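Please open the model in your viewer and keep the sequence panel beside it, since each stop on this tour begins with a selection.

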Amino acid sequence: PRAGDGPALTEAKLETWDDLTRWMPWAKGTPNPDDDECTMRKAGAEFILRTDLMMIAFDRASGKPFVFTGLHRIDWHARVFEIGFWARTSARGKGYVTESTNALTRFAFNALGARKVV
(Lines give C-alpha, C1' and ligand atoms only; values in the text may rest on other atoms or scores of the structure.)
Protein backbone atom coordinates (compact mmCIF):
# COMPACT_ATOMS: atom_id res chain seq x y z
CA PRO A 1 0.00 0.00 0.00
CA ARG A 2 1.17 3.48 -0.90
CA ALA A 3 -0.01 7.04 -0.78
CA GLY A 4 -2.46 7.50 -3.62
CA ASP A 5 -3.98 3.99 -3.39
CA GLY A 6 -7.03 5.16 -1.40
CA PRO A 7 -9.41 5.82 -4.32
CA ALA A 8 -8.60 2.42 -5.84
CA LEU A 9 -9.34 0.78 -2.49
CA THR A 10 -12.66 2.60 -2.31
CA GLU A 11 -13.59 1.44 -5.82
CA ALA A 12 -12.77 -2.18 -4.96
CA LYS A 13 -14.68 -1.96 -1.67
CA LEU A 14 -17.77 -0.51 -3.34
CA GLU A 15 -17.78 -3.35 -5.88
CA THR A 16 -17.55 -5.91 -3.09
CA TRP A 17 -19.27 -4.11 -0.20
CA ASP A 18 -22.19 -6.52 0.32
CA ASP A 19 -19.81 -9.44 0.91
CA LEU A 20 -17.32 -7.40 2.92
CA THR A 21 -19.98 -6.23 5.38
CA ARG A 22 -21.05 -9.83 5.81
CA TRP A 23 -17.61 -11.29 6.56
CA MET A 24 -15.19 -8.53 7.58
CA PRO A 25 -15.55 -6.92 11.01
CA TRP A 26 -13.83 -3.75 9.78
CA ALA A 27 -16.41 -3.20 6.98
CA LYS A 28 -18.69 -0.62 8.54
CA GLY A 29 -20.24 2.60 7.30
CA THR A 30 -19.77 3.61 3.69
CA PRO A 31 -16.44 3.41 1.83
CA ASN A 32 -14.88 6.85 1.52
CA PRO A 33 -11.84 7.82 -0.60
CA ASP A 34 -10.43 10.10 2.11
CA ASP A 35 -10.72 7.44 4.81
CA ASP A 36 -9.31 4.80 2.47
CA GLU A 37 -6.38 7.06 1.58
CA CYS A 38 -5.62 7.31 5.31
CA THR A 39 -5.88 3.53 5.54
CA MET A 40 -3.39 3.07 2.70
CA ARG A 41 -0.91 5.57 4.14
CA LYS A 42 -1.14 3.97 7.58
CA ALA A 43 -0.74 0.50 6.06
CA GLY A 44 2.33 1.70 4.17
CA ALA A 45 3.86 2.99 7.41
CA GLU A 46 3.01 -0.23 9.24
CA PHE A 47 4.67 -2.19 6.45
CA ILE A 48 7.87 -0.17 6.84
CA LEU A 49 7.73 -0.66 10.61
CA ARG A 50 6.93 -4.37 10.11
CA THR A 51 3.95 -4.21 12.48
CA ASP A 52 1.52 -5.32 9.75
CA LEU A 53 2.35 -6.43 6.22
CA MET A 54 -0.58 -5.51 3.97
CA MET A 55 -0.06 -6.44 0.33
CA ILE A 56 -2.12 -5.71 -2.75
CA ALA A 57 -2.24 -7.51 -6.09
CA PHE A 58 -2.78 -5.20 -9.05
CA ASP A 59 -3.94 -6.13 -12.55
CA ARG A 60 -1.11 -5.27 -14.95
CA ALA A 61 -3.41 -4.27 -17.80
CA SER A 62 -5.85 -2.03 -15.93
CA GLY A 63 -3.74 -1.08 -12.92
CA LYS A 64 -6.69 -1.88 -10.65
CA PRO A 65 -6.18 -3.73 -7.37
CA PHE A 66 -7.96 -7.05 -7.21
CA VAL A 67 -6.68 -8.91 -4.13
CA PHE A 68 -6.03 -7.34 -0.75
CA THR A 69 -4.04 -9.59 1.55
CA GLY A 70 -1.16 -9.62 3.96
CA LEU A 71 0.40 -10.94 7.11
CA HIS A 72 -1.39 -9.57 10.15
CA ARG A 73 -1.41 -9.92 13.94
CA ILE A 74 2.31 -10.59 13.78
CA ASP A 75 4.12 -11.98 16.81
CA TRP A 76 7.78 -11.57 15.91
CA HIS A 77 8.97 -13.24 19.11
CA ALA A 78 6.95 -16.42 18.53
CA ARG A 79 7.21 -16.02 14.72
CA VAL A 80 3.44 -16.38 14.25
CA PHE A 81 1.62 -14.69 11.37
CA GLU A 82 -2.00 -14.54 10.31
CA ILE A 83 -2.98 -14.32 6.65
CA GLY A 84 -5.99 -12.18 5.86
CA PHE A 85 -7.44 -11.62 2.42
CA TRP A 86 -10.32 -10.49 0.27
CA ALA A 87 -10.80 -10.24 -3.47
CA ARG A 88 -12.95 -7.81 -5.36
CA THR A 89 -16.04 -9.46 -6.81
CA SER A 90 -14.84 -9.28 -10.43
CA ALA A 91 -11.62 -11.16 -9.56
CA ARG A 92 -13.19 -14.15 -7.82
CA GLY A 93 -13.04 -17.70 -9.07
CA LYS A 94 -9.76 -17.20 -10.95
CA GLY A 95 -7.36 -18.63 -8.38
CA TYR A 96 -5.82 -15.29 -7.38
CA VAL A 97 -6.53 -15.69 -3.67
CA THR A 98 -5.18 -19.24 -3.66
CA GLU A 99 -2.05 -18.11 -5.48
CA SER A 100 -1.45 -15.14 -3.19
CA THR A 101 -2.11 -17.17 -0.03
CA ASN A 102 0.33 -19.85 -1.14
CA ALA A 103 2.95 -17.19 -1.93
CA LEU A 104 2.44 -15.47 1.44
CA THR A 105 2.74 -18.77 3.27
CA ARG A 106 6.03 -19.54 1.52
CA PHE A 107 7.25 -15.98 2.17
CA ALA A 108 6.39 -16.20 5.87
CA PHE A 109 8.20 -19.50 6.37
CA ASN A 110 11.14 -19.03 4.00
CA ALA A 111 11.91 -15.30 4.31
CA LEU A 112 10.53 -14.37 7.73
CA GLY A 113 11.30 -17.54 9.66
CA ALA A 114 7.70 -18.24 10.62
CA ARG A 115 6.98 -21.09 12.99
CA LYS A 116 3.23 -20.86 12.47
CA VAL A 117 0.97 -19.28 9.85
CA VAL A 118 -2.78 -19.14 10.43
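Begin at the pairing of strand 3 with strand 4, where Val 80 stands opposite Lys 116 in strand 4. This is a predicted model, and the stops that follow should be read with that in mind. Strand 4 covers residues 116–117, and strand 3 and strand 4 pair in the parallel sense over two bridges.

Keep Val 80 selected and add Asp 75, because the next stop is on the other partner of strand 3. Asp 75 stands opposite Val 80 in strand 3, and the pairing of strand 2 with strand 3 is antiparallel, with seven bridges. Between these two strands the hairpin has four residues, and Arg 79 takes a positive phi there, near 60°.

Stay with strand 2, which comprises residues 65–75, and select Arg 73 within that strand. The phi of Arg 73 is near 45°, which is a positive value in a residue other than glycine. With a relative accessibility of 64%, Arg 73 counts as exposed, because the limit for that class is over 50%.

Next, show the side chains of Trp 26, Phe 68 and Trp 86, which form one aromatic cluster. The model has a count of four aromatic pairs. In one of them, Trp 26 and Trp 86 are tilted with respect to each other, at 6.2 Å centre to centre and with 50° between the planes. This pair links distant parts of the chain, since Trp 26 belongs to the loop between helix 1 and helix 2 whereas Trp 86 belongs to strand 3 (residues 80–87), 60 residues apart. Is Trp 26 buried, partly exposed or exposed? At 42% relative accessibility, Trp 26 counts as partly exposed, whereas Trp 86, at 9%, counts as buried. Turn then to Phe 68 and Trp 86, whose ring centres are 4.4 Å apart and whose planes are at 10°, so the pair is stacked. Here too the pair links distant parts of the chain, with Phe 68 in strand 2 and Trp 86 in strand 3, 18 residues apart. Phe 68 counts as buried, at 6% relative accessibility.

Now move to the helices, and display helix 1 together with helix 2. Two packed helices are described by the angle between their axes and the distance between the axes. The axes of helix 1 and helix 2 come within 7 Å and cross at roughly 115°, and the crossing is right-handed. To see the contact itself, select Gly 6, Pro 7, Leu 9, Thr 10 and Lys 13 in helix 1, which meet Pro 33, Asp 36, Glu 37, Thr 39 and Met 40 in helix 2. The residues of this contact divide into four nonpolar, three polar and three charged.

Within that contact, centre the view on Thr 10, which lies in helix 1 (residues 6–23). Thr 10 is buried, with a relative accessible area of 5%. Leaving aside residues up to four places away in sequence, Thr 10 touches Pro 31, Asn 32, Pro 33 and Asp 36.

For the last stop, follow helix 2 (33–49) to the loop between this helix and strand 1 (53–58), where Arg 50 is placed. The phi of Arg 50 is near 65°, a positive value in a residue other than glycine. Arg 50 is partly exposed, with a relative accessible area of 40%.

Note on methods. Residues numbered from 1 in each chain as written. Predicted model: local features only at pLDDT ≥ 70, side-chain atom pairs only at ≥ 80, totals over all residues. Heavy atoms only, no water. Buried < 20%, exposed > 50% of the residue type's maximum accessible area, 1.4 Å probe, protein only. Contact = heavy atoms within 4.5 Å. Axes fitted to C-alpha atoms, helices over the stretch in contact; angles between N-to-C directions. Left-handed = near helix turned anticlockwise from the far one by under 90°. Nonpolar A, V, L, I, M, F, W, Y, C, P; charged D, E, K, R; others polar. Phe/Tyr/Trp six-rings, centres within 6.5 Å; stacked < 30°, edge-to-face > 60°.
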